[in-house]
Amino acid sequence: MDHLLRSHAPITDLAWKALDEEASARLAPALGARKLVDFTGPLGWEHSATNLGRVGAVVAAPTEGVIARSRVVQPLIEVRADFRMSLDELLTASRGASDLDFSALDHAAEHLAETENAAVLAGWAQAGIVGVSEASPHDPVVVDGSPASYAAGVAEAVATLKRNGIGGPYALAVGPLDWVRVIESSEHGGYPLERHLSSVLGGPIEWSPGFSSGIVLSLRGGDFLFESGQDVSLGFASADDTSVNLYLEESFSFRVVTPEAAIALSVAA
């Protein structure tokens with residue numbers, strides 16, 4: 001953790017404790033996607049690539065009768081969200097203040113969570129990550145956003161996974177808009193939609209900010225692999241007489257092993 005340079009910051013141990021606790025509190029509910037996939041790690045900041053168990057094409061060697069092939073790996077991506085806090089505000093932690101202004105940290109945590117969720121569920125081409133929804137070979141299940149349509153769509157998705165030999169339990173990952181639709185809706189007779197969907201899925205419904213739609217995926221394990229190098233950590237960048245520049249940082253890779261184990265939901269306009 002030396003690369004985070006925390007010992008160089010003009011921040012007391014009490015202030016670091018307050019920052020760490022606030023970051024954990026904000027990230028825990030927002031990192032929805034990682035709760036639905038196989039999470040390995042953290043393996044350390046120095047961990048740079050995921051072994052894919054494959055090799056590339058044969059290349060010539062310097063000596064006769066010898067061949068060579070490169071191991072194929074997936075590089076981890078480093079993700080960082082910078083923010084700035086008042087030095088006076090941080091110093092109040094040493095005086096026992098419990099009402100620090102963490103708005104800058106909260107925004108950074110929100111943006112980092114959105115990035116991770118989007119990478120896992122939707123994909124991130126620039127980082128070499130294929131997401132769960134874009135890898136799925138199934139046609140998306142179209143719903144109109146009404147409780148009855150949403151319930152029927154999730155049931156159809158689960159049925160399709162079962163027909164394709166994909167066992168459960170299953171989960172539903174949704175973006176903020178669909179989360180509101182699910183949580184605030186009831187089917188005919190006033191039965192909560194959330195409870196009905198949970199019984200169909202046999203697993204959770206996860207709020208996943210950064211993802212704009214919904215997707216049903218299997219939780220049987222082994223289908224979606226998230227490898228963490230450094231889990232989300234707070235670091236120090238620089239300081240002046242009035243403020244401190246900090247950041248949240250993590251490194252990870254993600255890959256889909258069984259594309260058939262998920263089906264996207266598409267809400268009709």
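How many helices and strands does the protein chain have? This predicted model has 7 helices and 12 strands. The legends below start with the whole chain and then move in.

**Figure 1. The whole chain at a glance.** Start with the overall dimensions: along the principal axes, the C-alpha atoms of the protein chain fill a box of roughly 75 × 60 × 30 Å. There are 269 residues in the protein chain, and buried ones make up 42% of them. Now for how the chain meets itself. Take the contacts between residues at least 6 apart in sequence: 77% of these join residues at least 24 apart.

**Figure 2. Helix 1 against helix 3.** Here we look at the packing of helix 1, residues 13-30, on helix 3, residues 103-121. The two helices pack at an angle of about 35°, and their axes are 9 Å apart. As for handedness, the crossing of helix 1 and helix 3 is right-handed. Helix 1 brings Leu-19, Glu-22, Ala-23, Arg-26, Leu-27 and Ala-30 to the contact. From helix 3 come Leu-105, Asp-106, Ala-109, Ala-113 and Asn-117. Sort the residues of this contact by type and you get 7 nonpolar, 1 polar and 3 charged.

**Figure 3. Zooming in on Asn-117.** This residue lies in helix 3 and is part of the contact with helix 1. Is Asn-117 buried or exposed? Asn-117 counts as buried because its relative accessible area is 0%, and the cut-off for buried is under 20%. What does the side chain of Asn-117 reach at 2.8 Å? Look for the backbone oxygen of Ala-30, a residue that helix 1 also brings to the helix 1 and helix 3 contact. Set aside the neighbours within four places in sequence, and Asn-117 is in contact with Ala-30, Leu-31, Gly-32, Ala-33, Ala-122, Ser-208 and Pro-209.

**Figure 4. Strand 11 and its partners.** Strand 11 covers residues 243-256, and 12 of its 14 residues are buried, so this strand is largely enclosed by the rest of the structure. Which way do strand 4 and strand 11 run? They are antiparallel, with 10 bridges joining strand 4 (residues 77-86) to strand 11. To find your place in that pairing, pick out Phe-83, whose bridge partner in strand 11 is Leu-246.

**Figure 5. Strands 9 and 10 alongside strand 11.** Strand 9 (residues 224-228) runs antiparallel to strand 11, and 5 bridges join them. Ser-228 is a handy marker here, with Phe-252 as its bridge partner in strand 11. Strand 10 (residues 233-239) is antiparallel to strand 11 too, joined by 6 bridges. In this pairing, Gly-235 has Tyr-247 of strand 11 as its bridge partner. Follow the chain from strand 10 into strand 11 and you trace a hairpin, with 3 residues between the two strands.

**Figure 6. An open sheet with mixed pairing.** This sheet is open and made of 5 strands, in the order 5-12-8-6-7. Its pairing is mixed. At the edges sit strand 5 (141-143) and strand 7 (205-207), each of which pairs on one side only. From one strand to the next, the twist averages 25°. For a closer look at one pairing, find strand 6 (residues 170-174) beside strand 7: they pair in the parallel sense over 3 bridges. Val-174 is the residue to spot here, standing opposite Trp-207 in strand 7.

Notes
Residues numbered from 1 in each chain as written. Predicted model: local features only at pLDDT ≥ 70, side-chain atom pairs only at ≥ 80, totals over all residues. Heavy atoms only, no water. Helix = DSSP H or I, 4+ residues; strand = E, 2+ residues; numbered from the N terminus. Buried < 20%, exposed > 50% of the residue type's maximum accessible area, 1.4 Å probe, protein only. Polar contact = N/O pair within 3.5 Å; in protein donor to acceptor, adjacent residues only side chain to side chain. Contact = heavy atoms within 4.5 Å. Axes fitted to C-alpha atoms, helices over the stretch in contact; angles between N-to-C directions. Left-handed = near helix turned anticlockwise from the far one by under 90°. Nonpolar A, V, L, I, M, F, W, Y, C, P; charged D, E, K, R; others polar. Pairing = 2+ DSSP bridges.
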